[in-house]
Amino acid sequence: MSDSVQHAAGAGRTRDDKRLLASTLVGTTIEWYDFFIYAQAASLVFAPHFFKPLSADAPGVASLLSLATIGISFLFRPLGAVVAGRFGDRLGRKAMLVMTLIMMGAATALIGLLPTYAQIGVAAPILLIVLRIVQGFSAGGEWGGAALMAVEHAPLGKRGYFGSYPQTGVPLGLILATGVLWVISSSTSEEQFLAWGWRIPFLVSVVLIVFGYLVRRMVEESPVFQEMLERKAHTSAPLQELFRSNTRNVVLAALIFVANNAAGYLVIAYFLSYGKTLGLSRPTVLLATIVGAVGWLVFTVYSGALSDRIGRVRTFQIGYASVFVWMLPMFLMMGTGSGVLFALAIVVLSFGIGLSYGPMSAMYAEMFPAKVRYSGVSIGYAFGAILGGAFAPTIAEALTQATGSAYSVGAYIMVLSVISIIAVTMVREPRGTDLNA
């Protein structure tokens, strides 16, 4: 099916379009809820529960180890991307999306049932890390499938807009995760929250996964993949084929994502611990994070549509320039210790994060040929996450402890922003590329 035919067909499938967008939105929101609830719990409660000996003798080291477990999962995201990419390019996008959703939900629920160090000793942190690895494996395959289902169904002139829907799963997942934590934190005492309250958000995942599974089962397979099946054009070794002819684009895709993912994980995890050092209460910091995530959501949807008008590359460049310029003023504003200014600082940051994330699904899909597209977008995204967000909260915490100033964290993100803006500038504008070619 040519892009022009796809555009014409897409214009008459309003109900199917709504079902598709709802599926990508709901599925990715639930997946990222699971992924982020861990990151936030690592910032708030995992140090005393799973690294108890260090928590008493060296609380700073225990906090760093707890945050480091966030990054460990990222090391396994490329493996998930390779496996899901291989089978997604051979068996279809839909099957992989269902599989990754179930894996993520099972791992998250089990974390909510996990005994602590005081109960089973060193086995507790080991099991915690194993379950986090399963989360990372699942996340590695999730994004590529969701992005392609949205973009490959989209009319030609609306790929950026359609592709922004799976992207909004990140801020929506963050809003959902933070909101659940905020409700529990506000309705329990400190002792109750540390004793059992933190487990509730993990157990809630069971209900969400069942709902997400039912929604995803209703969506049709990607039309591009269906056409590949009809032509039998899929390759038997997509990974080998990918790196034989698309290595440059995989590297560029990874570097483009670096700064966005690092800045995003400041919002997701680091600001929770940083807010406490400023004397802000946990509910105040969680509420500020929710407000910032709402801004992230709005600017992500806006930027997807914007990229359909002015191009993917230009939208990314504006986003990263905004992140770079805002870093130092942001920490100056946060340093006042005002909860309102803390939230406002995150909202302004969300403008740059949203503009450098919303167009990503469309641009990555347009950068790779159909028969290796799932592998290409998934692996590029996964490696970018390792270089960017994997240890960003840990690095930020270490920089703050070493220098005594959060401005060093701002400088760190500014360097990454320069790297990403150079990488995206090296991409030839892909808007309008024939996805079937």
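This section describes the fold, core, enclosed spaces and selected residues of a predicted model.

The protein chain is built on helices. It contains 22 helices and zero strands. The chain has 437 residues, and 59% of these count as buried. Its exposed surface amounts to about 15,500 Å², with 70% supplied by carbon and sulfur atoms. Contacts across the sequence were also examined. Among those between residues at least 6 apart in sequence, 87% join residues at least 24 apart.

The largest nonpolar core comprises 121 residues. Phe46, Phe271, Phe331 and Tyr364 have the most contacts inside this core. Helix α15 gives the most to the core, with 18 residues. Another core lies apart from it and has seven residues. Leu21, Ala146, Met149 and Phe162 are among its members.

Tyr364 leads from the core to helix α19, where it is one of the buried residues. Beyond four places in sequence, Tyr364 touches Trp143, Ala253, Ala254, Ile256, Phe257, Val377 and Tyr381. Helix α19 spans residues 360-367. Eight of its eight residues are buried, so the helix is largely enclosed by the rest of the structure. The buried set consists of Met360, Ser361, Ala362, Met363, Tyr364, Ala365, Glu366 and Met367. Glu366 is a charged residue by class, yet it belongs to this buried set. The packing partners of these residues are α9 (123-153), α10, α15, α17 (312-334), α20 (373-387) and α22 (407-425).

One of those partners, α10, covers residues 159-187 and holds Gln167. Gln167 has 0% relative accessibility and therefore counts as buried, the limit being under 20%. Its contacts beyond four places in sequence are Trp143, Thr300, Tyr357, Gly358, Met360 and Ser361. Met360 and Ser361 are also buried residues of α19. Trp143 is touched by Tyr364 as well.

Ser185 is found in α10 too. Its relative accessible area is 8%, so Ser185 is buried. The C-alpha atoms of Ser185 and Pro283 are separated by 6.6 Å, although the two residues are 98 apart along the chain. Pro283 is also in contact with Ser185. Phe193, Arg282 and Leu286 are further contacts of Ser185, leaving aside neighbours within four places in sequence.

Thr400 lies in helix α21, which runs over residues 392-403. A relative accessible area of 18% places Thr400 in the buried class, because that class takes values under 20%. Outside four places in sequence, Thr400 touches Tyr270, Ser405, Ala406, Ser408 and Val409. Ser408 and Val409 fall within the range of α22 (407-425).

Open and enclosed spaces were then surveyed. The largest pocket holds about 310 Å³ of space. Its lining counts 20 residues. Ser43, Leu44, Ala47, Ser63 and Lys276 lie nearest the pocket centre. Two or more lining residues come from each of α2 (14-44), α3 (46-50), α5 (59-74), α11 (190-195) and α15 (247-277). Helix α5 gives the most, with five residues. By class, the pocket lining divides into ten nonpolar, six polar and four charged residues.

Three cavities of 30 Å³ or more are found in the whole structure. The largest cavity has a volume of about 90 Å³. It is lined by 13 residues, with Val170, Phe257, Asn261, Tyr265 and Tyr381 closest to its centre. Phe257 and Tyr381 are also contacts of Tyr364. Helices α2 and α15 each supply at least two residues of the cavity lining. The largest share, six residues, comes from α15. The lining of the largest cavity has nine nonpolar, three polar and one charged residues.

Helix α15 thus recurs across several features. It gives the most residues to the largest nonpolar core. It provides the largest share of the lining of the largest cavity. It also contributes two or more residues to the lining of the largest pocket, and the buried residues of α19 pack against it.

How values were computed:
Residues are numbered from 1 along each chain as its sequence is written. This is a predicted model: local features need pLDDT of at least 70, side-chain atom pairs count only at pLDDT 80 or more; totals for chains, interfaces and linings use all residues. Side-chain values use heavy atoms; hydrogens and water are left out. On a 1 Å grid over the protein atoms alone, a cavity is a set of points where a 1.4 Å probe fits but cannot get out, and a pocket is an open set with protein on both sides within 12 Å along at least five of seven lines; lining residues have an atom within 4 Å of a point. Grid points are joined across faces, edges and corners, and a volume is the space filled by probe spheres set on the points. Helices (H or I, at least four residues) and strands (E, at least two) are DSSP runs, numbered from the N terminus. A nonpolar core is a set of buried Ala, Val, Leu, Ile, Met, Phe, Trp, Tyr and Cys residues joined through side-chain atoms within 4.5 Å. Buried means under 20% relative accessible area, exposed over 50%, partly exposed in between (1.4 Å probe, protein chains only). Contact means heavy atoms within 4.5 Å. Accessible areas come from the Shrake-Rupley method with a 1.4 Å probe; for residues, only the protein chains shown count as cover.
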